[in-house]
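Trainee: Please take a close look at a single part of this model with me, and explain with some care how that part is covered and what lies around it. I am new to this structure, so a connected account would help me more than a list.

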Amino acid sequence: MRNTLLPELSAVWTEGDARQVLDEWRQSGQTIAAFARDRGVSAPRLYWWRRRLPKARAVAPVLSLVPAKIVARTDTASIVIRLPSGIAIEMAHASPSMVAAIVSELEVAS
């Protein structure tokens, strides 16, 4: 039972085509051989793409900021950054550039 949403067997697949087919295969619960036979696609092609593409892209937790109230204006201030994991980073004297650097690194790490 050929699925018309799948790329043509003779066509060159893009990464997006391969992801679409591999996602459909994973959802089917079938072996690659059975899926390929049922859909009229090449099993070796599916094996080839499966080895080259990561299974799923990890979903990074969303980093969000909460409202803050400035109580005193100085060049440096005490600051506490609380992460969703419960970890708190306290700094007695934090310049705006230091806070920006920390937030930037946290975004890269997430």
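**Helix H2 and what covers it**

Mentor: What covers the buried residues of helix H2 includes helix H1 (15–28) and helix H3 (43–52), and we can take H2 as our part, keeping in mind throughout that this is a predicted model. H2 itself spans residues 32–39, and the residues buried in it are Ile32, Ala34, Phe35, Ala36 and Arg39. When you look at that list, it helps to recall that an α-helix has 3.6 residues a turn, so residues three or four places apart point the same way. Just after H2 comes glycine 40, which takes a positive phi of about 75°.

To place this part in the whole, note that the secondary structure of the chain comes to 4 helices and 2 strands, and that from the N terminus on the elements run α-α-α-β-β-α. The chain has 110 residues, of which 21% count as buried. Among the contacts between residues at least 6 apart in sequence, 42% join residues at least 24 apart.

Now turn to the two helices named as cover, and to how they meet each other. H1 and H3 pack at an angle of about 105°, and their axes are 10 Å apart. That angle makes H1 roughly perpendicular to H3, because angles of 65 to 115 degrees count as such. On the H1 side, the residues that take part in this meeting are Glu15, Ala18, Val21, Leu22, Trp25 and Arg26, while on the H3 side they are Leu46, Trp49 and Arg50. Sorted by class, the contact of H1 with H3 has 6 nonpolar and 3 charged residues, and no polar ones.

One of those H3 residues, tryptophan 49, deserves a longer look. The count of aromatic pairs comes to 1, and in it tryptophan 48 and tryptophan 49 are arranged edge-to-face, with 5.0 Å from centre to centre and 85° between the planes. The two partners fall on either side of the cut-off for burial: tryptophan 49 counts as buried because its relative accessibility of 14% is under 20%, whereas tryptophan 48, with a relative accessible area of 38%, is partly exposed.

From tryptophan 49 we can move to tryptophan 13, whose place is in the segment before H1. Tryptophan 13 and tryptophan 49 are 36 residues apart along the chain, and their C-alpha atoms are separated by 9.5 Å. Tryptophan 13 counts as buried as well, at 6% relative accessibility, and over its ring sits the charged end of arginine 45, 4.5 Å from the ring's centre.

For a contrast with these helices, follow the chain on to strand E1, residues 77–82, where serine 78 has its place. Serine 78 is exposed, because its relative accessible area of 61% is over 50%, and, leaving aside its neighbours within four places in sequence, it is in contact with Met91 and Ala92. The C-alpha atoms of serine 78 and histidine 93, 15 residues apart along the chain, are separated by 5.1 Å. Isoleucine 79 also has its place in strand E1, but at 22% relative accessibility isoleucine 79 counts as partly exposed. With neighbours within four places again left aside, isoleucine 79 is in contact with Ile89, Glu90, Met91, Ala94 and Val99. Between the C-alpha atoms of isoleucine 79 and isoleucine 89, which are 10 residues apart along the chain, the separation is 8.0 Å.

Note on methods:
Residues numbered from 1 in each chain as written. Predicted model: local features only at pLDDT ≥ 70, side-chain atom pairs only at ≥ 80, totals over all residues. Heavy atoms only, no water. Buried < 20%, exposed > 50% of the residue type's maximum accessible area, 1.4 Å probe, protein only. Contact = heavy atoms within 4.5 Å. Axes fitted to C-alpha atoms, helices over the stretch in contact; angles between N-to-C directions. Parallel < 35°, antiparallel > 145°, perpendicular 65-115°, else oblique. Nonpolar A, V, L, I, M, F, W, Y, C, P; charged D, E, K, R; others polar. Phe/Tyr/Trp six-rings, centres within 6.5 Å; stacked < 30°, edge-to-face > 60°. Lys NZ or Arg CZ within 6 Å of the ring centre and 35° of its normal.
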